[in-house]
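Me: I'm new to this structure and would like a close look at a single part, the sheet. Could you walk me through that and then show me a bit of what else is there?

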Amino acid sequence: MDTVSLSGKELAAAINADTKARTAALAADGPAPQLALIVANDDPASSWYVNSLRKAAERLGIGCDTVDLGADASVDALRAELAARSADPATDAIMLQTPLPAGVTLDDVSSSITSTKDVDGVSPLSLGLLASNLDGFVPATSEAVVELLKHHEIPLAGRHIAVVGRSNIVGKPLAQLLLAENATVTVCHSRTTDLPSVTAATDIVVAAAGRIGLVTGKHIREGAIVIDVGTNEAPDGKIVGDVDADSVRDKAAALSPVPGGVGPVTTALLMRHVVTAAENARRA
Ligand SMILES: NC(=O)c1ccc[n+]([C@@H]2O[C@H](COP(=O)([O-])OP(=O)(O)OC[C@H]3O[C@@H](n4cnc5c(N)ncnc54)[C@H](OP(=O)(O)O)[C@@H]3O)[C@@H](O)[C@H]2O)c1
């Protein structure tokens, strides 16, 4: 079977063109939108992502202030920085990069991000709004998966979709978004018994576990759609996904590449959220 590659580049370019125009309109009438990127780790995959976000912001005319609190930052230091940025009128948007320091969870600190600046939708209020189908910022990676599927005209209503991963920033919000599209959703995790038979019973498999090569040909049925959210650093330093592309390619109808699939759409949506936050702040 010829497996179609579900590239995210064209969709990202279209989103970015709109964001750039909206950014220019704001900058013509006041300061450019401003993102605060808070980092507290020394993880290579994270620094690769932070660099790509900085470059994306620069290309679009968005100001990006990276604050590195160090891999041993305390809960108090993180909360204080997030609260200060939440109160700072010059900051339109806040993104907290993961992983966090050992012993610190997102739940410990995310409530210090005000929901109006929470462009990656990680705060309890943002997640609650999503679960209630109310307006708010949605985690960009989860939104990117849905937008990528729609861009490639893959129907979601009535389809059975397996989401592998249940984190608060990817798997769970994605399940909510897919439910809102009227899909039937099965959420899998590290305690799922017999993962291959669960995922192989579905039409679409989304791999978001952070495990290199977790999803193989035996995890999918013939003709399935496979979305690879994974962004993992391989031993040779390359960024690779969660899907064993070689074994899946013989069976899948379509597969999103890593890099070049979900990643560029995620970055584009995050930047779109930054501009939306800035527009909302100017209107307030
Ligand atoms: N492309 C992008 O723009 C983008 C953005 C953000 C994240 N990511 C990537 O997406 C992946 C997931 O990120 P995350 O932050 O959600 O990771 P996470 O917080 O570590 O969560 C991983 C999830 O995968 C599940 N899991 C782990 N091993 C599994 C296994 N063997 N079988 C089934 N489920 C398993 C875990 O189950 P338990 O809950 O049982 O532990 C957990 O729910 C990572 O590779 C990350 O780098 C990509």
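**The sheet and beyond**

Reply: Let's begin with the sheet, keeping in mind that this is a predicted model. There's an open sheet of 3 strands here, paired in parallel and ordered 3-2-4. Strand 3 (63–68) and strand 4 (93–96) sit at the edges with a single partner strand each, so one side of each has no neighbour in the sheet. From one strand to the next, the twist averages 20°.

Now zoom in on one pairing. Strand 2 (residues 34–39) runs parallel to strand 4, and 4 bridges join the two. One residue to look for is Leu37, whose bridge partner in strand 4 is Met95. As a general point, strands of a sheet pair through backbone hydrogen bonds, either parallel or antiparallel.

Away from the sheet, find His273 in helix 10 (residues 262–283). His273 has a relative accessible area of 6%, which is under the 20% cut-off, so it counts as buried. Its side chain makes a polar contact with the side chain of Glu143, at 2.7 Å. Setting aside neighbours within four places in sequence, His273 also touches residues including Val119, Phe137, Val138 and Ala140.

Last comes the ligand. It is surrounded by 21 residues, and the closest are Thr141, Arg166, Ser167, Ser190 and Thr231. A polar side-chain atom of Ser167 lies 2.5 Å from a ligand oxygen atom, and for Ser190 a side-chain N or O atom is 2.5 Å from an oxygen atom of the ligand. Asn232 has a polar side-chain atom 3.0 Å from a ligand oxygen atom. Taken alone, the ligand exposes 930 Å², and the protein buries 72% of that.

Notes. Residues are numbered from 1 along each chain as its sequence is written. This is a predicted model: local features need pLDDT of at least 70, side-chain atom pairs count only at pLDDT 80 or more; totals for chains, interfaces and linings use all residues. Side-chain values use heavy atoms; hydrogens and water are left out. Two strands pair if DSSP finds at least two bridges between them. Helices (H or I, at least four residues) and strands (E, at least two) are DSSP runs, numbered from the N terminus. Axes are lines fitted to C-alpha atoms, for helices over the stretch in contact, and angles run from 0 to 180 degrees between N-to-C directions. Buried means under 20% relative accessible area, exposed over 50%, partly exposed in between (1.4 Å probe, protein chains only). A polar contact is a pair of N or O atoms within 3.5 Å; within protein, one must be able to donate a hydrogen and the other to accept it, and residues adjacent in sequence count only if both atoms are side-chain atoms. Contact means heavy atoms within 4.5 Å. A residue is near a molecule or strand if one of its heavy atoms lies within 4 Å of it. Accessible areas come from the Shrake-Rupley method with a 1.4 Å probe; for residues, only the protein chains shown count as cover.
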